[in-house]
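Here is a short briefing for the bench. Keep the sequence and the 3D view open while you read.

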Amino acid sequence: MIFEIFTTTLMGGLAGYSFIKKSGISNDADKIQRIFKNAGMTIREDGQVKTIRLQRKRKIEGGTEYIYQLPLGMSSQEIIDKQHVLEDGLNIKDKIFQFQLSDLFQIKFDKTLIKQIKSLSTGKKSKKEIEIEFDGMLKIKVFNKGLQERYDWSEDYLKRDSWSVSIGKTRSNIIRHDFDEHKHLIIAGATGYGKSALLKLIVTSLVCQQPEHTNLHLVDLKGGSAFQRFKNLKQTRNFTREPEGAKEILKDIQQQMEEAYKEIVDAGYEDIKESGIKDRHFIIIDEAADIADDAVAMEVVTDIARKGRGAGYYLIYGTQYPSSQSIPQQTKRNIPVRLCFVLDDATASNTALGQTGAESLPMIPGRGIYKNVKTQIVQTPFISNKEIKKQIAPFITIRPREEEDSIEKPKTSGGNTFKLEEM
Ligand SMILES: Nc1ncnc2c1ncn2[C@@H]1O[C@H](COP(=O)(O)OP(=O)(O)OP(=O)(O)O)[C@@H](O)[C@H]1O
C-alpha cells in the first residue's frame with residue numbers, strides 16, 4: 001500500500017517536474033530575471049534595455065545564492081525596496097499541484113509518511129523567502145523555507161557584564177544589539193506583533209547582565225501593564241504611565257545627562273566609555289506617539305537622541321504609529337538603528353526604517369527587520385512573563401509605601417551615579 005502511494009506520487013512528481021522544467025518556471029534564476037523585466041527594474045543604455053546579469057550561483061544552507069552584476073545606473077537600494085515583489089514572484093504557483101523531484105527524495109519513511117504525501121499533493125509548501133545584499137555584487141539568497149516562526153528565550157542568550165542584548169535570530173546568526181556601541185534603538189510595529197515583548201526582553205536582559213550598572217527610566221504610556229513588573233526593581237529610577245509624568249521625568253533626565261556629560265568632558269574624556277564609568281541609563285518609552293503632541297517632551301527626546309550617547313543615556317523608543325510627529329526627523333537622524341515589526345503600509349515602513357519592506361513582512365509575531373549596518377530579517381526571541389518574573393526576582397526591592405508613591409515622580413539624584421573622583 002505504502003509502496004503504491006509512493007510510486008504513484010513519484011510518477012506524478014516526475015510528470016510535474018518535467019512539465020515545470022519544460023516551461024522553464026522552476027528555475028528561480030530565470031524567474032528572477034523575468035520579475036526584474038516585468039517590474040521595470042531595468043535601465044536604458046544606448047537604446048537597449050538592460051537589467052541584472054547572473055554571474056554565478058551557489059548552494060547555501062536552506063537554499064541558493066544568486067550573484068549578479070548590476071548595470072551602471074541601477075541602484076541596489078531600489079532593488080532592496082522591491083524585495084517583496086521578488087518574493088511574491090518566486091512564490092506564484094503555476095498550478096494547484098506543484099512539487100519537485102527533490103521534495104520526493106526528502107520524504108521520510110516514518111509514521112508521518114501519509115501526512116507528508118498529503119501535504120505534497122495539496123501543495124502546502126513553505127513560502128520561499130529571500131535576502132538581498134549588495135557588496136559590489138548583488139546577492140540574492142533564495143531560501144526554500146521561511147524563517148523559524150517562534151523560538152523561546154533562554155538564559156543562554158545572556159552575556160554577563162555586557163551591554164549586548166540578544167534580540168533576534170536570522171537563518172544563520174544570533175543578532176545582538178550592543179547598546180554601548182549603537183546606543184539608541186527605535187522599535188516600531190503594528191499592535192500585536194511583539195514590540196512590548198521585545199522591550200520587556202531588553203529590560204530583563206540588561207538587568208540580569210549588568211545589575212549593578214543599569215539605571216532604568218520607564219515610560220509606559222500604554223496603560224502600564226507591560227512595565228508594571230519592573231516598577232520595583234532596584235534598577236528602576238523612574239516609572240510613569242502618564243504623559244505629564246513623562247514630560248517631568250524627561251526634563252529631569254535631560255538635566256542629569258547634561259551634568260554627567262559636563263563632568264566627563266571636564267575630566268578630559270571624550271565620552272563615557274573612555275571615562276571608564278560603568279553606569280548606563282536607559283530611557284525606555286512605550287508608545288512615543290502619546291507624547292508626540294508635547295513640544296517640550298519631544299524637544300527633550302531629540303536632545304537625548306543627540307547628546308545621550310556620550311553621557312551613557314540611551315533611548316529605546318517604541319511606537320506603533322511611526323510618523324513625522326512621533327519620530328521627528330532629527331531624532332531619526334540620531335538613531336540609525338531600528339527594529340521594525342510588520343507595519344500597515346509602505347509609508348509607515350519608510351518613516352520607521354528609512355525604506356519599504358516592513359509592510360510586507362509575514363504576519364508572524366516576533367518577525368521583524370533589524371536595520372543596523374545591514375538590513376536583516378529576524379525572528380525575535382519570545383520570553384514569557386513567568387520567565388521574566390523568575391529572572392528579575394533577585395532584583396525586586398520591596399519599597400516602603402512612601403517611596404513607592406514617589407517613584408512616579410522624577411528623582412533628581414540617585415539615578416545619576418557619575419562619580420569621576422571615585423575612579
Ligand atoms: N517573539 C515572539 N515570538 C512569538 N510570539 C510573540 C513574540 N512576541 C510577541 N508574541 C506574541 O504576540 C503577542 C503580542 O505581543 P506584544 O504585546 O509584544 O505586541 P505589541 O506589538 O506590543 O502590541 P500592543 O501594542 O497591542 O501591546 C504576545 O502576547 C505573544 O503571544
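**Around I316**

In this predicted model, I316 is in contact with L185, I187, L199, I202, F282 and I284, leaving aside its neighbours within four places in sequence. I316 also ranks among the residues with the most contacts inside the largest nonpolar core. The points below start from that residue and work outward to the chain.

**The cores**

- The largest nonpolar core has 75 residues.
- Those with the most contacts inside this core are I284, I304, L315, I316, C340 and A352.
- A second core is separate and has 12 residues, including I35, F36, I52 and Y66.

**Strand β13**

- Strand β13 covers residues 313-319, and 7 of its 7 residues are buried.
- Both faces of the strand are covered.
- One side carries Y313, L315, Y317 and T319, all buried.
- The other side carries Y314, I316 and G318, which are buried as well.

**Partners of β13**

- Strand β9 (residues 185-188) runs parallel to β13, and 4 bridges join the two.
- In this pairing, A188 of β9 stands opposite T319 in β13.
- Strand β12 (residues 280-286) is also parallel to β13, with 6 bridges between them.
- Here H281 of β12 stands opposite Y313 in β13.
- β12 and β13 belong to a right-handed β-α-β unit, together with helix α11 (residues 295-311).

**Helix α8**

- Helix α8 spans residues 195-209, a range that takes in L199 and I202, two of the contacts of I316.
- The helix is mostly covered: 13 of its 15 residues are buried.
- How far apart are the end C-alpha atoms of α8? They are 21 Å apart, which agrees with the 21 Å that its 15 residues should span at 1.5 Å a residue.

**Domains**

- The domain assignment gives domain 1 as 2-143 and domain 2 as 155-415.
- Domain 1 puts 8 residues into the contact, and domain 2 puts in 8 residues.
- On the side of domain 1 that touches domain 2, α3 (76-81) and α4 (83-91) each supply at least two residues.

**The whole chain**

- The chain has 15 helices and 16 strands.
- Of its 423 residues, 36% count as buried.
- Among contacts with a separation of 6 or more, 70% come from residues 24 or more positions apart.

Technical notes: Residues are numbered from 1 along each chain as its sequence is written. This is a predicted model: local features need pLDDT of at least 70, side-chain atom pairs count only at pLDDT 80 or more; totals for chains, interfaces and linings use all residues. A nonpolar core is a set of buried Ala, Val, Leu, Ile, Met, Phe, Trp, Tyr and Cys residues joined through C-beta atoms within 7 Å. A residue is buried if 20 or more other C-beta atoms lie within 10 Å of its own, exposed if 12 or fewer, and partly exposed in between; C-beta atoms are placed from the backbone. Two residues are in contact if their C-beta atoms, placed from the backbone, lie within 7 Å. Two strands pair if DSSP finds at least two bridges between them. A crossover is right-handed if, with the strands pointing away from the viewer, the path from the first strand over the helix to the second runs clockwise. The expected span of a helix is 1.5 Å times one less than its number of residues. Domain bounds come from an automatic or database domain assignment.
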